[in-house]
Amino acid sequence: MIDPKKFGFVDKCTKDTQRGLGILCGTYVFLIILGLIMNILQTILLFTECREIILRDTAISIEVLLFIMISIGWSVFIMVFMINACRMCNGLYGFFFLLLLGIIIGVVNMLLLNRASGAIMQCYNKVSR
């Protein structure tokens with residue numbers, strides 16, 4: 001599994017501390033799970049409503065699929081990482097680590113998959129009208 005110790009996190013819980021998620025970490029993980037469900041539902045909507053936009057070019061289709069797979073994979077990574085970080089009493093550090101890593105991944109994702117994000121936005125504009 002994804003272990004925060006591999007990224008330099010130290011277990012800050014004392015021996016008598018119960019290693020639950022806590023209110024803040026639990027809420028954050030719940031919101032991540034909710035976002036993951038919304039992402040999957042939006043993907044289904046994207047491919048049912050905007051088939052002509054997505055499938056008009058093979059390269060764009062591959063980029064859109066890659067974009068969606070990266071997005072869903074990132075959400076799963078965040079969820080598992082935060083659960084493990086919170087159980088090590090490192091929720092705040094885990095949050096800031098994922099925030100920094102998310103910014104880097106987001107910039108790289110937008111630079112490499114620019115056409116895919118444009119096609120997705122075009123689809124959302126079409127559906128929202």
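**Note on the predicted model**

1. Q42 lies in helix α1. With a relative accessible area of 35%, Q42 counts as partly exposed, because that value falls between the limits of 20% for buried and 50% for exposed. The structure considered here and in the points below is a predicted model.

2. Q42 also has a long-range relation to Y124. The two residues are separated by 82 residues in sequence, and their C-alpha atoms are 9.3 Å apart in space.

3. Helix α1, which spans residues 22-49, also contains C25. A disulfide joins C25 to C86, with an S to S distance of 2.0 Å. The count of disulfides in the model comes to one. A disulfide is a covalent bond between the sulfur atoms of two cysteines.

4. The handedness of the disulfide can be stated. The torsion about the S-S bond of C25 and C86 is about -85°, and the disulfide is therefore left-handed. The pair links distant parts of the chain: C25 belongs to helix α1 and C86 to helix α3, and 61 residues separate them.

5. Are the two cysteines buried or exposed? C25 counts as buried at 14% relative accessibility, and C86 counts as buried at 5%. Each assignment follows because buried means under 20% relative accessible area.

6. Helix α3, covering residues 58-87, is also the place of E63. E63 has a relative accessible area of 13% and is buried. Which side chain makes a polar contact with the side chain of E63? The partner is the side chain of R115, at 2.8 Å.

7. The surroundings of E63 extend to other residues. When residues up to four places away in sequence are not counted, E63 touches L112, L113, N114, R115 and A116. R115 is thus named both among these contacts and as the polar partner of E63.

8. L112, one of the residues that E63 touches, also belongs to a nonpolar patch on the surface. The patch is formed by L92, F95, F96, L99, L100, I103, I104, V107, V108, L111 and L112. Together these residues have about 1100 Å² of accessible area.

9. V108, a member of the nonpolar patch, is found in helix α4, which runs over residues 91-112. Its relative accessible area is 40%, and V108 is accordingly partly exposed. This value is consistent with membership of the patch, because patches are made of residues with over 30% relative accessible area.

Note on methods. Residues are numbered from 1 along each chain as its sequence is written. This is a predicted model: local features need pLDDT of at least 70, side-chain atom pairs count only at pLDDT 80 or more; totals for chains, interfaces and linings use all residues. Side-chain values use heavy atoms; hydrogens and water are left out. Helices (H or I, at least four residues) and strands (E, at least two) are DSSP runs, numbered from the N terminus. Buried means under 20% relative accessible area, exposed over 50%, partly exposed in between (1.4 Å probe, protein chains only). A polar contact is a pair of N or O atoms within 3.5 Å; within protein, one must be able to donate a hydrogen and the other to accept it, and residues adjacent in sequence count only if both atoms are side-chain atoms. Contact means heavy atoms within 4.5 Å. Patches are made of residues with over 30% relative accessible area and no salt bridge: like charges are joined within 9 Å, nonpolar side chains (Val, Leu, Ile, Met, Phe, Trp, Tyr) within 5 Å. Accessible areas come from the Shrake-Rupley method with a 1.4 Å probe; for residues, only the protein chains shown count as cover. A salt bridge is a side-chain nitrogen of Lys or Arg within 4 Å of a carboxyl oxygen of Asp or Glu. A disulfide is a pair of cysteine sulfur atoms within 2.5 Å.
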